[in-house]
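Dear colleague,

Please find below the structure that I am handing over to you, together with its sequence. My notes on what was found in it follow directly after.

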Amino acid sequence: VGLPTLERFVEEQYLPFAKSRKKSATEEEGKLRNRILPAIGSKRIDEISPKDIDSLVRAIAAETSPSTANRHHSLVSSVFALAVSYGDLSENPARKVRKHKESPARERYLSEDELQRFLAIHSVDGVSPMHIALFRFLLFTGLRKGEAVQLTWENVHLDQAKVYLPDTKSGSSRFVPLNKAALEVLSRVSR
């Protein structure tokens, strides 16, 4: 019968695999459907060359950024790694493609003036008080947005000034201490 196209392999093999194992599966599916499959999805997996992948990644870098192109490159490599592990291919063509050089991550902190102006905001037209509370909570705890949004009251321990995160991005659980400002935000949020 021959080997499948990349699109068929992604639909029948990679996406079911990713959805059962990866938190990023929905994000990956978007990258695959929006950029990768339209460019090389119609080719059989054994016909996709490092040159094809390099052309795709360079086009993404030109349109977006080197880091976005590298995320797409990593995803293509993951798809081909699965094909190799399933015995459909003997090698991963994406491994022969060099990643783009990325700029060092930019660290940006609020200035004292910006922080004071942010903390002075109690209402903004079109922004719910709950969103303002969420922004403050994120600022005071350093939690990721997804961690804060998924937080339930059963994992909030006001008496111990900490919250429990049972399922973090890294896949482990952890406790996060709460300072006075974070506790004050939580005390104003209705259960």
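K162 lies over the face of F175, at 4.2 Å from the centre of the ring. Please bear in mind throughout that this is a predicted model.

The ring of F175 also takes part in an aromatic pair, and a search of the whole structure finds two such pairs. A pair of aromatic rings is described by the distance of the centres and the angle of the planes. I take the two pairs in turn.

Y14 and F17 form a tilted pair, with 6.3 Å from centre to centre and 45° between the planes. Both residues belong to helix 1 (residues 6-21); because they are three residues apart there, about one helical turn separates them. Y14 is buried, at a relative accessible area of 1%, whereas F17 counts as partly exposed at 23%. The cut-off matters for F17, because buried means under 20% relative accessible area.

Y164 and F175 make up the other pair, which is tilted as well: the centres are 4.9 Å apart and the planes stand at 45°. This pair links distant parts of the chain, with Y164 in strand 2 (residues 162-165), F175 in strand 3 (residues 174-177), and the two positions 11 residues apart in sequence. Y164 is partly exposed, with a relative accessible area of 24%, and F175 is also partly exposed, with 45%.

The strands that carry this second pair belong to an open sheet of three strands, in the order 1-2-3 and with antiparallel pairing. Which strands stand at the edges of the sheet? They are strand 1 (156-157) and strand 3; each has a single partner strand, so one side of each is left without a neighbour in the sheet. Strands of a sheet pair through backbone hydrogen bonds, either parallel or antiparallel. Here, strand 1 and strand 2 pair in the antiparallel sense over two bridges. K162, the residue over the face of F175, is the bridge partner of H157 in strand 2.

Turning to the protein as a whole, its secondary structure comes to eight helices and three strands. Along the sequence the pattern reads α-α-α-α-α-α-α-β-β-β-α. The radius of gyration is 22 Å, well over the 16 Å that the globule rule gives for 191 residues, so the protein is more spread out than a compact globule. Along the principal axes, the C-alpha trace spans about 65 × 35 × 30 Å.

Of the 191 residues, 32% count as buried. The accessible surface comes to about 12400 Å², and carbon and sulfur atoms account for 51% of that area. Among contacts between residues at least 6 apart in sequence, 53% join residues at least 24 apart.

One further residue may be of interest to you. G41 is found in the loop between helix 2 (25-40) and helix 3 (50-63). Is G41 buried or exposed? With a relative accessible area of 1%, G41 is buried. Leaving aside residues up to four places away in sequence, G41 touches T5, L6, E7 and I36. The C-alpha atoms of G41 and L178 are separated by 48 Å, and these two residues are 137 residues apart along the chain.

With kind regards

Conventions:
Residues are numbered from 1 along each chain as its sequence is written. This is a predicted model: local features need pLDDT of at least 70, side-chain atom pairs count only at pLDDT 80 or more; totals for chains, interfaces and linings use all residues. Side-chain values use heavy atoms; hydrogens and water are left out. Rings of Phe, Tyr and Trp (its six-membered ring) pair if their centres lie within 6.5 Å; planes under 30 degrees apart count as stacked, over 60 as edge-to-face and the rest as tilted. Helices (H or I, at least four residues) and strands (E, at least two) are DSSP runs, numbered from the N terminus. Buried means under 20% relative accessible area, exposed over 50%, partly exposed in between (1.4 Å probe, protein chains only). A charge sits over a ring if NZ of Lys or CZ of Arg is within 6 Å of the ring centre and within 35 degrees of the ring normal. Two strands pair if DSSP finds at least two bridges between them. The radius of gyration is taken over C-alpha atoms; the globule rule is 2.2 Å times the number of residues to the power 0.38. Contact means heavy atoms within 4.5 Å. Accessible areas come from the Shrake-Rupley method with a 1.4 Å probe; for residues, only the protein chains shown count as cover.
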